[in-house]
Amino acid sequence: MDLEKHIKQKPSDFVVEEVIPFSPRKDGQFQLFLLKKSSLSTLQVVRFLSKLLKIKPSDIGFAGLKDRFAVTTQYITVPSDVNIPDKLCFINKGGKWLKAESIDFGREQGFCMERVGFTDQKLQLGDNSGNRFVIKIRNIHKEQRKIFYHNLEIVKKYGCANYFGEQRFGSVKGRNDFIFLYLLKGDVEKALKTYFSIKGSLKHWGNWELFYRDLRGNLEDYEKDLILGLKRGLSFEKAIRILPKNVRLMFNFAFQSFLWNEYLRRYIESKYPFKRVNFIHSWKLSFYIEVYDIEYLKNLEIPYTGREYSVNDKLFKEIIREIIDKFGIKEKDFGKEVAGIKVLTDGLRKAVFFPQDFKIVGKTKDSITVSFFLPAGSYATILLRNLLS
């Protein structure tokens, strides 16, 4: 199933509104802004604001990374001692940021942010309670509508497997081409080559002046700094640390998310009747079509590594061990520092999620518009893959 032909034909087809579990205060250590953006990633806005306000990107807090090709609303925090207007709007045209009075969201690439109050805590990843979605599903023919409604009844009864969505894997070029694994093995040059291969040709790799010229129009400022650092004679080990910490962390998150998805896929295939669905990079996801122990499954939490959080389910314990061994991960690798970040750390994630307030809010001959709420960390694109397959 090719999800891309059904969603995000226009940014306005995919609308996301973040929900936070607290109310703004009248004063506090951090200014709280409501940020609405279109055709921009959260990190693109954060990097621009850090330059505009002359603060570090890490000074700007946010609870989640929102889709780029969408119209999204989320909260961000900025320290209270930073001088910033109550409302700020910018349009991005050809890489140039232009101040604006307002933005035609869904048509223009840009953002508006408006102060809604204060808080004493900087927003951190995961601080939101979830997200509301309004999504237009296009090119949905008669037979696929039947599939959609049939699958919807299954999801209402048994929930949906809580896989990480494609947004988590932007740094992965091929099925097993994880930048993280090259870093773990100490091959930093190969890691950087893989990273920049996503940007363009590697023909002039090593001739940094020509390489910079080839990719210049497709580079973030920190990527330009990295290449210029190599030109000045920086080692690969030092150069990679020029990448922002959140970018380096994504290398680790992408690999750990892949492992976690594999744990859940194997578990479902071992226990339940299932359907197998195409994912990115020729990967597969499996969704159950019937569950005989739903009370157990809906409360099941799966660890990332099983080191800090013990695994009581014997089947899961065996699956985790087999997959970790398959990728050559050793005991010494867990919690190791790689490229300035701590990697392969443990955590827990729910095996399934249940969409709340799911409604059909619009229909045409070849489209269905749906609205629903998902808890923090669950992906609308995963739910749609399940419903449309």
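Guide: Buried means under 20% relative accessible area, exposed means over 50%, and partly exposed is what falls in between (1.4 Å probe, protein chains only). This is a predicted model, in which local features need pLDDT of at least 70 and side-chain atom pairs count only at pLDDT 80 or more, while totals for chains, interfaces and linings use all residues. Residues are numbered from 1 along each chain as its sequence is written, and side-chain values use heavy atoms, without hydrogens and water.

Visitor: Why is Asp13 called buried?

Guide: Asp13 has a relative accessible area of 3%, and the cut-off for buried is under 20%, so Asp13 counts as buried.

Visitor: What makes Asp13 and Arg138 a salt bridge?

Guide: The term asks for a side-chain nitrogen of Lys or Arg within 4 Å of a carboxyl oxygen of Asp or Glu. In the pair Asp13 and Arg138 the closest N and O atoms are 2.7 Å apart, so the criterion is met. Asp13 lies in the segment before strand 1 (14-19) and Arg138 in strand 8, so the bridge ties together parts 125 residues apart in sequence. Helices (H or I, at least four residues) and strands (E, at least two) are DSSP runs, numbered from the N terminus.

Visitor: How do you know that Glu17 and Arg132 form a salt bridge?

Guide: Their closest N and O atoms are 3.6 Å apart, and the limit is within 4 Å, so the pair qualifies. Glu17 lies in strand 1 and Arg132 in strand 8, so this pair joins parts that are 115 residues apart in sequence. Glu17 is partly exposed at 39%, and Arg132 is partly exposed at 43%.

Visitor: What does the salt bridge between Glu220 and Arg47 tie together?

Guide: The two side chains meet at 3.3 Å, N to O. Glu220 lies in the loop between helix 5 (208-215) and helix 6 (221-231), and Arg47 in helix 1 (residues 42-53), so the pair ties together parts 173 residues apart in sequence. Glu220, at 25% relative accessibility, counts as partly exposed, whereas Arg47, at 17%, counts as buried.

Visitor: How many salt bridges are there in the whole structure?

Guide: A search finds 27. Glu262, Arg265, Glu269 and Arg276 are linked in a network of them.

Visitor: Why is helix 8 called oblique to helix 10?

Guide: The axes of helix 8 (residues 245-271) and helix 10 (residues 314-326) come within 10 Å and cross at roughly 135°. That angle makes helix 8 oblique to helix 10, because under 35 degrees counts as roughly parallel, over 145 as roughly antiparallel, 65 to 115 as roughly perpendicular and the rest as oblique. The crossing of helix 8 and helix 10 is right-handed.

Visitor: Why is Val134 called partly exposed?

Guide: Its relative accessibility is 37%, and partly exposed is the class between the 20% and 50% cut-offs, so the label applies. Val134 is in strand 8 (residues 130-138).

Visitor: What makes the phi of Lys54 worth a note?

Guide: Phi of Lys54 is near 60°, a positive value in a residue other than glycine. Most residues other than glycine have a negative phi. Lys54 lies in the loop between helix 1 and strand 3 (61-62) and is exposed at 74%.

Visitor: Where is Ser282 found?

Guide: Ser282 is in the loop between strand 10 (274-278) and strand 11 (284-288). Its phi is positive, about 65°, although it is not a glycine. At 54% relative accessibility Ser282 counts as exposed, because the cut-off is over 50%.

Key: Axes fitted to C-alpha atoms, helices over the stretch in contact; angles between N-to-C directions. Left-handed = near helix turned anticlockwise from the far one by under 90°.
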